[in-house]
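Trainee: I would like to go through this entry and ask why the labels are what they are. Where should we start?

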Amino acid sequence: MTEPASTKVDMEKIVSLCRRRGFIFPSSEIYGGLSSCWDYGPLGVELKRNIKEAWWRAVVQERDDMVGLDASILMHPQTWEASGHLKGFADPLVECKSCHLRWRSDDLEDNNCPSCGGELTEPRLFNLMFKTFMGPIEEEASVVYLRPETAQGIFVNFQNVVNTTRKRLPFGIAQIGKAFRNEITTGNFIFRSREFEQMEIEFFVKPGTDQEWFNYWLEERLNWYVKLGIKRENLRLRQHTKGELAHYARECYDIDYLFPMGWAELEGIANRGDFDLVQHTSFSGKNLEYFDDETKEHFVPYIIEPSAGVDRSALALLCDAYDEELAEGETRVLLHLHPALAPIKVAVLPLSRREKLVVVAKQVYADLRRQWMVSYDDAQSIGRRYRRQDEIGTPFCVTVDFQSLEDEQATIRERDTMNQIRVPISDLKTILAAKLSGEELFVLPPGGKIWKGERET
Ligand code: GAP
């Protein structure tokens, strides 16, 4: 019997699990770390790849009206004039006259330094884009910026994509990539960092149909998180007030998640109207209008932008999946990660290191890893090995025991229920494939008939 030990997750537990099990490390840790930059370890990189894969599958692979793009991080500097980032992408900063620490003035409750209580300067605007130089000479003419969002790479390629794919409106372009912001207020682990990854869609529509598409994408994106296992009650839609709206947005909603520090933005969905294509037309001199073959009209499409963060998704998914329960007198920590997201899908565990068992277990391991990320663990007791896999969210463990040598069967143990079934080794792949894709499967003991759907009585 299991019972919940605690329903509350605090950030420290997530940070500690990520550190301990190799999901996420501070960047350049041996040098003391680099503020607000993070390295994804062996399990973190798999989780992140799986999140991106799930997003790409949902928004590109399974749709007729979407194509992908991978634009470069460094873009022509005029891009950022046109986008408004050079002028408008800034936070108001104040500096403490005593300790010289800088703070975002809109985060402060009064005019005193939160660190030493000292007097603060008047606010000055501080641009959040990272600057660097292209070529060997560091001069104003060679300044380029690390992109603060992936979106602009899509806007400047709009005509290229229309011309080469012959996509007709409405259609979207999707992109996953790194973005950089010299954030002033960082913290809360990977929630706000200076280097992060975005998953952005720019969906081009005929003006007048934008509201309908905006509503469509709000629902579609919210459902994506729910399908990946995030509890609906931990998600909400929050509309931006007029004062909050970005310079390009006509309307915007955030999909907020209830993080350990409170409700905060997971994804933003904006109706950008024709702002971006009009701006790039005016700065580049290139016509970015769309020609509608049916109505014979030329017009500038409106854009609906669902813009998500890979790192914030990872944090929300980890927080939502984290669980502790009392099992057999001790606390079992587990991640209820959706199988599609779990870094390791199956762990193969020989009951002992005896050679005869190892030969069979290694064969099973070799066979399964051709299909999935699988790990092999033969260290310590079987109970401890199960716990280790639970803690990193591995949905299934396959145990090879002495009986396996005789009956050519192995045990599949499920993470969430801890139920075990015994199945023929020759059917392992088929059964695991069905289970990983969420099919109901029952196996008659001992390791006999397997069927799908309703349990036979
Ligand atoms: N193109 C629109 C855009 O970039 P945004 O709301 O500034 O909009 C979109 O960013 C998403 O990118 C956010 O919802 C968040 O998930 C992620 N994001 C933004 N800044 C971030 C940061 N400093 N650290 C981690 N993720 C960030």
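Mentor: Start with a definition: two residues are in contact when heavy atoms of theirs lie within 4.5 Å. Keep in mind that this is a predicted model.

Trainee: Which residues does glutamine 175 touch under that definition, leaving aside its neighbours within four places in sequence?

Mentor: Glutamine 175 is in contact with Trp55, Trp56, Leu69, Asp70, Ala71, Arg147, Thr150, Gly153, Ile154, Gln198, Met199 and Glu200. Its place is in strand β10, residues 171–180.

Trainee: Why is glutamine 175 called buried?

Mentor: Buried means under 20% relative accessible area. Glutamine 175 has 0% relative accessibility, so it counts as buried.

Trainee: What makes the pair of threonine 150 and glutamine 175 a polar contact?

Mentor: The cut-off for N or O atoms is 3.5 Å. A polar atom of the glutamine 175 side chain lies 3.0 Å from the backbone oxygen of threonine 150, so the distance is within the limit.

Trainee: Now the ligand. Which residues come nearest to it?

Mentor: Glu149, Arg181, Glu183, Glu200 and Glu265 come nearest, out of 21 residues around the ligand.

Trainee: Which polar atoms of leucine 266, glutamate 305 and glycine 309 lie by the ligand, and how far away?

Mentor: For leucine 266, a polar backbone atom is 2.9 Å from an oxygen atom of the ligand. For glutamate 305, a polar side-chain atom lies 2.9 Å from a ligand nitrogen. For glycine 309, a backbone N or O atom is 3.1 Å from a ligand oxygen.

Trainee: How much of the ligand does the protein bury?

Mentor: The ligand taken alone exposes 550 Å², and the protein buries 91% of that.

Trainee: Which elements give two or more residues to the shell around the ligand?

Mentor: They are β11 (195–205), β14 (262–273) and β17 (302–309). The most comes from β14, with five residues.

Trainee: Why is glutamate 328 called exposed?

Mentor: Exposed means over 50% relative accessible area. Glutamate 328 has 68%, so it is exposed. Its place is in the loop between β18 (322–327) and β19 (330–335), and its phi is near 45°, a positive value in a residue other than glycine.

Trainee: And what makes glutamine 380 partly exposed?

Mentor: Partly exposed is the range between the buried limit of 20% and the exposed limit of 50%. Glutamine 380 has 46% relative accessibility, so it counts as partly exposed. Its phi is also positive, near 75°, and it is found in the loop between β21 (374–376) and α11 (382–391).

Trainee: Why does leucine 405 get the label partly exposed?

Mentor: The range again runs from 20% to 50%. Leucine 405 is at 32%, so it is partly exposed. It is found in helix α12, residues 402–407, and with Leu351 and Phe402 it makes a nonpolar surface patch of about 230 Å².

Trainee: Where is the cis peptide bond that involves proline 170?

Mentor: The bond runs from leucine 169 to proline 170, with omega near -5°. Proline 170 has its place in the loop between α6 (158–165) and β10.

Trainee: How many helices and strands does the whole protein have?

Mentor: It has 13 helices and 26 strands. Of its 457 residues, 49% are buried.

Methods:
Residues numbered from 1 in each chain as written. Predicted model: local features only at pLDDT ≥ 70, side-chain atom pairs only at ≥ 80, totals over all residues. Heavy atoms only, no water. Patch = residues over 30% accessible without salt bridge, like charges linked within 9 Å, V, L, I, M, F, W, Y side chains within 5 Å. Areas by Shrake-Rupley, 256 points an atom, 1.4 Å probe, with all protein chains shown as cover. Salt bridge = Lys/Arg side-chain N within 4 Å of Asp/Glu carboxyl O. Helix = DSSP H or I, 4+ residues; strand = E, 2+ residues; numbered from the N terminus. Buried < 20%, exposed > 50% of the residue type's maximum accessible area, 1.4 Å probe, protein only. Polar contact = N/O pair within 3.5 Å; in protein donor to acceptor, adjacent residues only side chain to side chain. Near = heavy atom within 4 Å.
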